[in-house]
Amino acid sequence: MSKTRLGILISGRGSNMAAIAKAIQSGLIEGAEIAVVISNCKNAAGLEKAAEFGIDTAVIERQSRSREDHDREMLGVLNSRNVDLVCLAGYMRLLSNSFIEEYRNRILNIHPSLLPAFPGLDVQRQAIEFGVKYSGCTVHFVDETLDGGPIVDQRIVPVHDDDTTETLAARILEQEHELYPRSVARIVRGDYQIVGRRVLHKSAALRGS
Ligand code: GRF
């Protein structure tokens with residue numbers, strides 16, 4: 001059977017991308033390969049990490065273009081590499097509606113909070129300032145809403161009294177590196193069904209129908 005081809009979009013460090021690449025190497029993710037890593041920043045540290053894994057990379061900067069034009073170029077690269085599933089891994093730009101439409105229900109993102117709490121940016125600081133006792137991370141499908149698409153899976157992380165944004169972010173990131181590869185493995189296996197807003201295991205979806 002042919003492998004599911006992943007296209008990973010990054011803007012920076014790329015540690016979640018590396019976690020997915022490691023999980024493919026170790027066999028945790030079966031039946032998938034990374035076709036390309038695309039960064040919208042030429043200085044993204046993740047580009048070197050991807051090259052160390054022997055993964056093809058591309059830099060596609062937005063420059064002064066519209067979001068649509070930028071995304072069209074990315075779609076061209078993803079299509080030319082026959083990408084089946086797009087994984088956002090610290091990709092710091094919103095995608096255009098036409099991009100989301102073309103890859104409908106085939107774009108995943110990882111977000112460092114327990115959605116729907118704290119969508120958007122700087123969310124570990126928001127979690128501490130709000131005073132929540134637990135935060136975490138969420139893998140979700142991407143739709144036109146900001147961090148609002150159907151949730152694939154989540155991990156809970158406690159917030160400690162002496163946490164700074166950095167210590168909380170680091171504790172959440174450890175969980176991200178476990179959660180994202182497991183979620184990708186499940187989506188690649190096809191063990192899911194989207195029912196309304198809910199992402200169910202296939203067996204559960206069948207029981208409910
Ligand atoms: C992670 O915290 C992820 O949840 C968020 O951006 C950060 C990316 O980190 N979307 P990295 O580039 O994967 O190291």
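Threonine 138 is buried, at 0% relative accessibility, and lies in strand 6 of what is a predicted model. The ligand of this model sits in the largest pocket, and the protein covers 86% of the 370 Å² of accessible area that the ligand has on its own. Three aromatic pairs are counted in the structure, and a cis peptide bond joins leucine 115 and proline 116. The points below take up the ligand site, the aromatic pairs, the backbone and selected distances in turn.

**Ligand site**

- The residues around the ligand are Arg13, Gly14, Ser15, Asn16, Gly90, Ile110, His111, Pro112 and Glu176.
- Helix 1 (15–26) and strand 5 are the elements that give two or more residues to this shell.
- Arginine 13 places a polar side-chain atom 2.6 Å from an oxygen atom of the ligand.
- Glycine 14 approaches the ligand through its backbone, with an N or O atom 2.8 Å from a ligand oxygen.
- For serine 15, an N or O atom of the side chain is 2.5 Å from an oxygen atom of the ligand.

**Asparagine 16 and glutamate 176 in the ligand shell**

- Asparagine 16 is found in helix 1, whereas glutamate 176 has its place in helix 6.
- The side chains of asparagine 16 and glutamate 176 are joined by a polar contact of 3.0 Å.
- Asparagine 16 has a relative accessible area of 7% and is therefore buried, the limit being under 20%.
- Glutamate 176 also counts as buried, because its relative accessibility of 5% falls under 20%.
- Glutamate 176 and proline 112 are 64 residues apart in sequence, yet their C-alpha atoms are 7.6 Å apart in space; both residues belong to the shell around the ligand.

**Aromatic pairs**

- Among the three aromatic pairs is that of phenylalanine 118 and phenylalanine 130, whose ring centres are 5.9 Å apart.
- The planes of these two rings stand at 65°, so the pair is edge-to-face, a class that requires an angle over 60 degrees.
- The pair links distant parts of the chain, 12 residues apart: phenylalanine 118 is in the loop between strand 5 (107–111) and helix 5 (123–130), and phenylalanine 130 is in helix 5.
- The two partners differ in exposure: phenylalanine 118 is buried at 13% relative accessible area, whereas phenylalanine 130 is exposed at 64%.
- Phenylalanine 141 and tyrosine 192 form another of the pairs, with 5.7 Å from centre to centre and 35° between the planes.
- This second geometry counts as tilted because 35° is neither under 30 degrees, as stacking requires, nor over 60.
- Phenylalanine 141 belongs to strand 6 (residues 134–141) and tyrosine 192 to the loop between helix 6 (165–189) and strand 8 (193–195), so the pair ties together parts that are 51 residues apart in sequence.
- Phenylalanine 141 is buried, with 0% relative accessibility, while tyrosine 192 is partly exposed, with a relative accessible area of 22%.

**Backbone features**

- The peptide bond between leucine 115 and proline 116 is cis, with omega about 10°.
- Proline 116 is found in the loop between strand 5 and helix 5, and phenylalanine 118 has its place in that loop as well.
- Phenylalanine 118 has phi near 60°, a positive value in a residue other than glycine; phenylalanine 118 is also a partner in the edge-to-face pair.
- Asparagine 105 likewise has a positive phi, near 60°, and is not a glycine.
- Asparagine 105 is found in the loop between helix 4 (97–102) and strand 5, where asparagine 105 is partly exposed with a relative accessible area of 35%.

**Selected positions and distances**

- Threonine 138 and glycine 46 are 92 residues apart along the chain, and 21 Å separates their C-alpha atoms.
- Aspartate 69 lies in helix 3 (residues 67–80) and is partly exposed, with a relative accessible area of 35%.
- From aspartate 69 to valine 36 the C-alpha distance is 20 Å, at a separation of 33 residues in sequence.

Technical notes. Residues numbered from 1 in each chain as written. Predicted model: local features only at pLDDT ≥ 70, side-chain atom pairs only at ≥ 80, totals over all residues. Heavy atoms only, no water. Phe/Tyr/Trp six-rings, centres within 6.5 Å; stacked < 30°, edge-to-face > 60°. Helix = DSSP H or I, 4+ residues; strand = E, 2+ residues; numbered from the N terminus. Buried < 20%, exposed > 50% of the residue type's maximum accessible area, 1.4 Å probe, protein only. Near = heavy atom within 4 Å. Polar contact = N/O pair within 3.5 Å; in protein donor to acceptor, adjacent residues only side chain to side chain. Areas by Shrake-Rupley, 256 points an atom, 1.4 Å probe, with all protein chains shown as cover. 1 Å grid on protein atoms, 1.4 Å probe; cavity = no way out; pocket = protein on both sides within 12 Å on 5 of 7 lines; lining within 4 Å. Sits in = over half its atoms within 2 Å of the grid points.
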